[in-house]
Amino acid sequence: MILGTCLGLGILLNSFVTLLEALSLTNEGLEEVLNAHNNIRRDFANGRYGGTVANMGKLRWNSYLASRAEELIDCINVEDGHNPDFSEDQINQGFSRSHNLTMAVQQWFLEITHYIPEYGTCLTTDICRHFLMMINAKHHSIGCASLPNCSAGTALLCVYRGGEFIPPFVAPGSPCKKCERPSAFCEDGLCVPCASTRHSECDCRKTCRRPNIGYGDLDAHTCTCHCQYGMGPNCDEDCVNPEQYLDFDICADVTQAECHSFMDRDKLREFCPEQCVCRKHPGSPSMSGGTH
């Protein structure tokens, strides 16, 4: 009786260890999936598939996200083409019949055929969700897990962090012109931190100016702009509030005290930058008299 129980526990333990080994990517698999993502993001940012992208971040591997991917991955969901509805997670999942993880990533990328560059998205996000998740410029971290023994092939599930799943997913413009801290420098079209203790050796692409729109001072040590006029990471965006689809101007009566209020600050900076963030350039086409 005891021997049978021990044998049963041993089989169960071995099955559990086998499952963990199947879920966890090897170092080679980790590097393969990460490189496949960053190669696609780099090519996309540098204009290989159309317009260039000014804020494409380089993805870094995140062990916590990899653990989360291990919790979520499921052969049945992958084979049915069903993305589970985990609202707190941004995920991609798919499979490769050839058991090649790079091919699984490439399948997601093929959804680019539905992408409309002028709008930075697709007619509906459902038809290119995998692609949009991969090229979301503000994503900075990724973690993945795989299952090699699904009937459809090797399953792959990746979890992302950084950007929201809300268009536009990229900022058009010269590569790295809109990189933000802590990844304000450039590595072949991707936004990265400076890996050197000597910041002069790192590639800073910012100019902090655009005629009649904005200009500012460049801090070469951090590759950040301090805008005198205009706004954005490169001071090259006009200081205007986003279009409001309302019958009244929600920013008209905003005060400086409200702009600095702990409760309202972030929302007001997003929707009312004219009042809370920036100054219009005197030569701006949108200038309607005076600056604030």
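# A walk from Asn136 to the disulfides

Asn136 is buried, because its relative accessible area is 3% and buried means under 20%. The model is a predicted one. Asn136 sits in the loop that runs between helix H6 (129-135) and strand S5 (141-150). Its side chain makes a polar contact there: the backbone oxygen of Glu164 is reached at 3.0 Å. Glu164 is also among the residues that Asn136 touches. Leaving aside residues up to four places away in sequence, the contacts of Asn136 are Arg41, Gly163, Glu164 and Phe169.

Now step back to the whole protein. The chain has 292 residues, and 42% of them count as buried. Its secondary structure consists of 9 helices and 11 strands. The accessible surface is about 16,400 Å². Carbon and sulfur atoms hold 54% of that surface. Contacts across the sequence can be counted too. Among contacts with a separation of 6 or more, 60% are between residues 24 or more positions apart. The structure also holds 12 disulfides.

Follow the chain from the loop of Asn136 into strand S5 (141-150). This strand is mostly covered, with 8 of its 10 residues buried. S5 pairs with strand S1 (residues 60-61) in the parallel sense, over 2 bridges. Here Trp61 stands opposite Ile142 of S5. S5 also pairs with S6, and that pairing is antiparallel, with 8 bridges. One position to look at is Leu147, whose bridge partner in S6 is Ala155. The turn from S5 to S6 is a hairpin through 2 residues.

A second sheet can be found further along the chain. Three strands form this open sheet, in the order S9-S10-S11, and their pairing is antiparallel. Strand S9 (209-210) and strand S11 (224-229) are its edges, each pairing on one side only. Strand S10 (residues 214-219) is joined to S11 by 5 bridges, again antiparallel. Within this pairing, Tyr215 has Tyr229 of S11 as its bridge partner.

Next come the disulfides. There are 12 in the structure, and three of them are followed here. Start with Cys176 and Cys186, whose sulfur atoms lie 2.1 Å apart. The link is right-handed, with 65 degrees about the S-S bond. Cys176 lies in the loop between strand S6 (153-161) and strand S7 (185-187), while Cys186 lies in strand S7, so the disulfide ties together parts 10 residues apart in sequence. Both Cys176 and Cys186 are buried.

Move on to Cys251 and Cys272. A disulfide joins them, with an S to S distance of 2.0 Å. This link is left-handed, at -80 degrees about the S-S bond. It connects distant parts of the chain, 21 residues apart. Cys251 is in the loop between S11 and helix H7 (256-259). Cys272 is in the loop between helix H8 (265-271) and helix H9 (273-276). What puts each cysteine in the buried class? The cut-off is under 20% relative accessible area. Cys251 is buried because its value is 0%. Cys272 counts as buried because its relative accessibility is 1%.

The third disulfide pairs Cys259 with Cys276, their sulfur atoms 1.9 Å apart. The torsion about this S-S bond is about -70 degrees, so the disulfide is left-handed. Cys259 lies in helix H7 and Cys276 in helix H9, so the link ties together parts that are 17 residues apart in sequence. Cys259 is buried because its relative accessible area is 3%. Cys276 is buried as well, because its relative accessible area is 12% and the limit is under 20%.

Two regions are worth revisiting in the structure view. One is strand S5, which pairs with S1 in the parallel sense and with S6 in the antiparallel sense. The other is the stretch holding H7 and H9, the two helices in which Cys259 and Cys276 lie.

Notes: Residues are numbered from 1 along each chain as its sequence is written. This is a predicted model: local features need pLDDT of at least 70, side-chain atom pairs count only at pLDDT 80 or more; totals for chains, interfaces and linings use all residues. Side-chain values use heavy atoms; hydrogens and water are left out. Two strands pair if DSSP finds at least two bridges between them. Helices (H or I, at least four residues) and strands (E, at least two) are DSSP runs, numbered from the N terminus. Buried means under 20% relative accessible area, exposed over 50%, partly exposed in between (1.4 Å probe, protein chains only). A polar contact is a pair of N or O atoms within 3.5 Å; within protein, one must be able to donate a hydrogen and the other to accept it, and residues adjacent in sequence count only if both atoms are side-chain atoms. Contact means heavy atoms within 4.5 Å. A disulfide is a pair of cysteine sulfur atoms within 2.5 Å. Accessible areas come from the Shrake-Rupley method with a 1.4 Å probe; for residues, only the protein chains shown count as cover.
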